[in-house]
Amino acid sequence: MNGFIKVVKELPSEIASQEPFQVDCSKRKGQFDYIESVLPSLLEHHYISITPAMSQRRDRYPQNAKAALCQACYNALRLTGSLEKKASELLEAIPKPFLSLHLRFEPDMVAYSQCQYSGLSSASIKAIEAAQGDRKPWTGELARIWRKRGKCPLTPNETAFILQSLSIPTNTNIYLAAGDGLMEIEGLTSVYTNVVTKSGLLTGEDFTSMHGNTKAALDYYVSINSDSYVATYFGNMDKMVAAMRVFKGLYKTLFLSRRAFADFTSQGLRGRDLMQALWKAHRDDYVLGRGSALPDCFCEVKL
C-alpha cells in the first residue's frame with residue numbers, strides 16, 4: 001500500500017508499549033462503512049486492532065482505495081516456503097518455452113455442470129455417474145440451451161481442436177494444470193504430443209501425499225510463471241492466475257470460448273469452417289478488448 005498511505009516498519013515509540021484498542025467488525029451484517037464504524041475509534045485511540053468484516057461494501061470505496069487494496073493483496077500473496085521450493089523445482093523441470101493449459105474435464109466438474117456428452121469411454125461415463133449423486137444432466141431443449149450459453153466444460157478433444165484453430169503448433173510444450181482424475185486426456189495428447197504433468201515430473205512421497213488443494217497451488221505457481229496461459233473455463237483458479245499475470249506484466253493469457261464452440265457446432269459447422277469461425281471469434285474478443293488473448297494467434301489472416 002506504499003504510495004497511498006505512509007507505511008512504517010516499526011511502531012512509533014509513544015504507542016509501541018500500549019495495547020491496541022480492539023474494534024470488532026466480524027459480526028456486522030449488511031452495509032458496512034469503515035469511515036462510520038472504524039475511523040472514530042482510530043481518531044480517538046490512534047492505535048487500534050481490527051477484526052475484519054467479510055461483508056464490507058468494497059463498491060463504496062474510492063478508486064484509489066480499491067487500487068491500494070488490490071495491490072496490497074497481490075503483493076502480499078505467497079506460497080509457504082516448502083511449497084514454493086517444490087513449485088520452483090517443478091517449474092525448472094518443464095521444457096521451455098511452454099504453455100500452461102488448465103483443463104477442467106474431471107468427473108465432479110462434469111457432474112456439477114449437468115452437461116451431456118456423447119462418445120465418452122465407459123470408464124469416463126462410470127466416473128461421472130459416480131460423481132453425479134442427485135445432480136442429473138439436463139436433457140432435450142434445456143440441454144441445448146445450457147450448452148449454447150457456454151456452461152459445459154470443454155473436453156480435451158475439443159480443447160485440442162480450438163488450439164489448432166488458433167494456429168498453436170502441435171509440437172508446443174504444454175504443462176497440464178489439472179486435478180486428479182482428468183478424463184479423455186488422449187483427445188489432447190494424441191494431437192499435442194509434448195504434454196507434461198506434475199505427477200510425471202515430480203516424484204517422492206512428499207508429492208504423492210499432497211492434498212488436492214496443495215497440488216493446485218503448484219499449478220497456480222507454474223501458471224503465473226509460464227510463457228503463455230490458456231484456460232478452458234472461467235473459475236476461481238483461472239481468474240486468479242489471469243489477474244496475477246496481468247499484475248506481473250505477463251499478458252499472454254487466453255480464455256477459450258465455450259460459448260462460441262457450442263454456438264458454431266450447433267449451427268452444423270465442422271472441420272475447416274469451424275476452425276475459421278473459432279479463430280475469428282477469439283480474434284474479435286482480442287480486438288474489441290472483451291478478454292485477454294495470445295496476440296501471436298492473430299498475426300496472420302486466415303483464408
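Q: Which residues make the nonpolar surface patch of about 370 Å²?
A: This is a predicted model, where local features need pLDDT of at least 70, side-chain atom pairs count only at pLDDT 80 or more, and totals for chains, interfaces and linings use all residues. Residues are numbered from 1 along each chain as its sequence is written, and side-chain values use heavy atoms, with hydrogens and water left out. Patches are made of residues with over 30% relative accessible area and no salt bridge, joining like charges within 9 Å and nonpolar side chains (Val, Leu, Ile, Met, Phe, Trp, Tyr) within 5 Å. Here the nonpolar patch is made by Ile 35, Leu 39, Leu 42 and Leu 43.

Q: Which helix gives the largest share of the nonpolar patch?
A: Helices (H or I, at least four residues) and strands (E, at least two) are DSSP runs, numbered from the N terminus. One helix, covering residues 39–45, supplies three residues of the patch, its largest share. Leu 39 lies in this helix, H3.

Q: Is Leu 39 buried, partly exposed or exposed?
A: Buried means under 20% relative accessible area, exposed over 50%, and partly exposed in between (1.4 Å probe, protein chains only). Leu 39 has 34% relative accessibility, so this residue counts as partly exposed.

Q: What is the relative accessibility of His 46?
A: Following H3, His 46 lies in the loop between this helix and strand S2 (48–51). His 46 is 26 residues from Pro 20 in sequence, yet their C-alpha atoms are 8.5 Å apart in space. His 46 counts as exposed because its relative accessibility is 58%.

Q: How many salt bridges does the structure hold?
A: A salt bridge is a side-chain nitrogen of Lys or Arg within 4 Å of a carboxyl oxygen of Asp or Glu. One of them joins Arg 104 to Glu 106, with 3.3 Å between the closest N and O atoms. Glu 106 is buried, because its relative accessible area is 6%. For the whole structure, the number of salt bridges is seven.

Q: Which residue forms a salt bridge with Lys 198?
A: The closest N and O atoms of this pair are 2.9 Å apart. The pair links distant parts of the chain, 21 residues apart: Lys 198 is in helix H11 (residues 198–201) and Asp 219 in helix H13 (residues 212–224). Lys 198 is buried at 6% relative accessible area, and its partner is buried at 4%. The partner of Lys 198 is Asp 219.

Q: In which helix do Lys 280 and Asp 284 both lie?
A: Their side chains meet in a salt bridge, 3.0 Å from N to O; Lys 280, Arg 283 and Asp 284 are linked in a network of salt bridges. Lys 280 is partly exposed, with 42% relative accessible area, and Asp 284 counts as partly exposed at 21%. Lys 280 and Asp 284 are four residues apart, about one turn of the helix that spans residues 271–287, namely H16.

Q: What is the angle between the planes of Trp 138 and Trp 146?
A: Rings of Phe, Tyr and Trp (its six-membered ring) pair if their centres lie within 6.5 Å, and planes under 30 degrees apart count as stacked, over 60 as edge-to-face and the rest as tilted. A search of the whole structure finds four aromatic pairs. Trp 138 and Trp 146 form a tilted pair, 6.1 Å centre to centre, with planes at 55 degrees.

Q: Which residue lies over the face of Trp 146?
A: A charge sits over a ring if NZ of Lys or CZ of Arg is within 6 Å of the ring centre and within 35 degrees of the ring normal. The charged end of Arg 147 sits over the ring of Tyr 117, 4.8 Å from its centre. Trp 146 is partly exposed, with a relative accessible area of 25%. Over its face, at 5.8 Å from the ring centre, lies Lys 151.

Q: How many helices and strands does the chain have?
A: The chain has 303 residues, of which 38% count as buried. Contact means heavy atoms within 4.5 Å. Among contacts between residues at least 6 apart in sequence, 68% join residues at least 24 apart. The secondary structure comes to 16 helices and seven strands.

Technical notes:
Areas by Shrake-Rupley, 256 points an atom, 1.4 Å probe, with all protein chains shown as cover.
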